[in-house]
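Please look at the sequence and the structure below together, and keep both in view while you read. The paragraphs after them go through the protein step by step.

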Amino acid sequence: MKVMLDHAMKTIKNQNKKLVKKIVDGLSERGYSLQNHEDVNRHCYLNVKVPELKKVVEKLNAENYWCAQRVGGIRVAPHFYNTVEQADRFMDKLDEVVNSL
């Protein structure tokens, strides 16, 4: 049982790191600033600065891209059940919303 739990936890941890790295790299390439430490080994959430924060969060949430305002940025918390494709769609939607302001 311990081996199974350890394996499952390792799989979850690796998926989380993969998603966070994907989003960190993607947001950085798109010119966004991150407000938290960018070491994917330390975090499974991100905080990204955007203009007109409240409007961006409202628009994203209205389209079922669930995020929250935290410390002057958007808190994004991908987890093992999210896919790389969902991460890409989130970044595309974020660009669309920010560019529409």
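What follows starts with the overall layout, moves to the core and three residues, and ends at a pocket.

The model you are looking at is a predicted one, and it is best to begin with its regular elements before turning to single side chains. The protein has three helices and four strands, and if you trace the chain from the N terminus you will meet these elements in the order α-β-β-α-β-β-α. The chain has 101 residues, of which 35% count as buried, while the area that the protein exposes comes to about 6600 Å², with carbon and sulfur atoms supplying 53% of that area. It also helps to ask how parts of the chain that are separated in sequence meet in space: among the contacts with a separation of 6 or more, 62% are between residues 24 or more positions apart.

From this overview we can go on to the interior. The largest nonpolar core holds 23 residues, and the members that touch the most others are Leu27, Val50, Val56, Leu60, Ile74 and Leu94. Several elements contribute to this core, since α1, β2 (46-49), α2 (53-62), β4 and α3 each provide at least two of its residues. The largest share, six residues, is given by α3.

One of the core residues just named, Val50, deserves a slower look. Where along the chain is Val50 placed? Val50 lies in the loop between β2 and α2, so a residue in a loop can still be buried, as Val50 is with a relative accessible area of 13%, which falls under the 20% cut-off. When its neighbours within four places in sequence are left aside, Val50 is in contact with Tyr32, Val56, Ile74, Leu94 and Val98. Another way to place Val50 is by its distance to Leu34, for the two are 16 residues apart in sequence, and their C-alpha atoms are 9.5 Å apart in space.

Next, consider two buried residues whose side chains are not nonpolar, beginning with a charged one. Is Lys93, which sits in helix α3, buried or exposed? Lys93 counts as buried because its relative accessibility is 11%, and buried means under 20%. Its contacts, apart from neighbours within four places in sequence, are with Leu60, Glu63 and Tyr65; Leu60 is also one of the core members that touch the most others. The second residue, Asn16, belongs to helix α1, and with a relative accessible area of 9% Asn16 is buried as well. Beyond its neighbours within four places in sequence, Asn16 is in contact with Cys44, Pro78, His79 and Phe80.

Pro78 now leads us to the last feature, which is the largest pocket. This pocket contains about 340 Å³ of space, and 18 residues line it, the closest to its centre being Trp66, Val76, Pro78, Asn82 and Phe90. Which elements give two or more residues to this lining? They are α1 (2-29), β4 (73-76) and α3 (84-99), and α3 provides the largest share with four residues. Sorted by class, the lining has twelve nonpolar, four polar and two charged residues.

Looking back, you may notice that helix α3 has come up several times: α3 gives the largest share of the core, it gives the largest share of the pocket lining, and it is where Lys93 is found.

Definitions and conventions. Residues numbered from 1 in each chain as written. Predicted model: local features only at pLDDT ≥ 70, side-chain atom pairs only at ≥ 80, totals over all residues. Heavy atoms only, no water. 1 Å grid on protein atoms, 1.4 Å probe; cavity = no way out; pocket = protein on both sides within 12 Å on 5 of 7 lines; lining within 4 Å. Points joined across faces, edges and corners; volume = space filled by probe spheres on them. Buried < 20%, exposed > 50% of the residue type's maximum accessible area, 1.4 Å probe, protein only. Contact = heavy atoms within 4.5 Å. Areas by Shrake-Rupley, 256 points an atom, 1.4 Å probe, with all protein chains shown as cover. Core = buried A, V, L, I, M, F, W, Y, C linked by side-chain atoms within 4.5 Å.
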